[in-house]
Amino acid sequence: MPSQVNFEELYIQLQRKVSAESHKRLDPLVSGSQAMLLRILEVNGPQKASSIAELMNITPGAVTSLADKLIACGYATRNRDCTDRRVVQLDITDQGKGILQQYKAVVRNTIEQFFAGVSDEDKEHLVRIYRQVLKNIEQQREEHQDCNS
């Protein structure tokens, strides 16, 4: 039991410190959610808010709020579909691509600093562990959705 308590305490401490340091470094650029939205647009091209919401696991209203902020900064645009004017799609601008590249560089640098001194073998173990934890989270989410259906 003592090792479990130690694990839980270390996990909470790590989460808090990583979160605080990440926010300090990244928020001056864009929020994590805004960066995720920009990544979706960069990879998939123009998207409807409902499609983005599904990919991000948030409501279309939350996507609209994020998009409004990105549009105000010049990082994204809203465009009407050529074939159906009722359909509005979000798209990333060149300025949005630039801020996303800056964001990715800061993330990469931050991760390198956080994991300095950790061996490649240990990093491989972490990758395996992170994948398992993400799989567990996704399974729980699916089970919860099945129960509510």
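The exercises below, each with a worked solution, concern a predicted model and look at its largest pocket and at how some of its helices pack.

**Exercise 1. The largest pocket**

Find out which helices supply the lining of the largest pocket, and what kinds of residue make up that lining.

Solution. Begin with the pocket itself, which has a volume of about 1,400 Å³ and is lined by 27 residues. Next, look towards its centre, where L14, Q15, V18, F115 and Y130 are the lining residues that lie nearest. Then turn to the helices: α1 (2–26), α2 (32–44), α5 (94–114) and α6 (120–148) each contribute at least two residues to the lining, and the largest share, ten residues, comes from α1. Finally, sort the lining residues by kind, which gives 18 nonpolar, six polar and three charged.

**Exercise 2. α2 against α5**

Decide whether α2 and α5 are oblique or roughly perpendicular to each other, and name the residues through which they meet.

Solution. The first step is the geometry, in which the two helices pack at an angle of about 120° while their axes are 10 Å apart. The second step is to compare this angle with the range of 65 to 115 degrees that counts as roughly perpendicular; the angle of about 120° is therefore classed as oblique. The crossing of α2 and α5 is, in addition, left-handed. The last step is the contact, where G32, A35, L38, R39 and E42 of α2 meet G96, I99, L100, Q101, Y103 and K104 of α5, and these residues comprise five nonpolar, three polar and three charged.

**Exercise 3. α4 and its two partners**

Work out how α4 is oriented to α2 and to α3, and which kinds of residue form each contact.

Solution. Start with α2, which packs with helix α4 (residues 60–72) at an angle of about 85°, the axes being 10 Å apart, so that α2 is roughly perpendicular to α4. In this contact, S33, Q34, L37 and L38 from α2 meet V63, L66, A67, K69 and L70 from α4, a group made up of six nonpolar residues, two polar and one charged.

Continue with helix α3 (residues 49–56), which packs with α4 at an angle of about 105° and with the axes 8 Å apart, so that α3 and α4 are likewise roughly perpendicular to each other. Here A49, S50, I52, A53 and M56 of α3 make the contact with P60, V63 and L66 of α4, and the division by kind is seven nonpolar, one polar and no charged.

Notes. Residues are numbered from 1 along each chain as its sequence is written. This is a predicted model: local features need pLDDT of at least 70, side-chain atom pairs count only at pLDDT 80 or more; totals for chains, interfaces and linings use all residues. Side-chain values use heavy atoms; hydrogens and water are left out. On a 1 Å grid over the protein atoms alone, a cavity is a set of points where a 1.4 Å probe fits but cannot get out, and a pocket is an open set with protein on both sides within 12 Å along at least five of seven lines; lining residues have an atom within 4 Å of a point. Grid points are joined across faces, edges and corners, and a volume is the space filled by probe spheres set on the points. Helices (H or I, at least four residues) and strands (E, at least two) are DSSP runs, numbered from the N terminus. Ala, Val, Leu, Ile, Met, Phe, Trp, Tyr, Cys and Pro count as nonpolar, Asp, Glu, Lys and Arg as charged, and the others, Gly among them, as polar. Axes are lines fitted to C-alpha atoms, for helices over the stretch in contact, and angles run from 0 to 180 degrees between N-to-C directions. Angles under 35 degrees count as roughly parallel, over 145 as roughly antiparallel, 65 to 115 as roughly perpendicular and the rest as oblique. A crossing is left-handed if the near helix is turned anticlockwise from the far one by less than a right angle, and right-handed if clockwise. Contact means heavy atoms within 4.5 Å.
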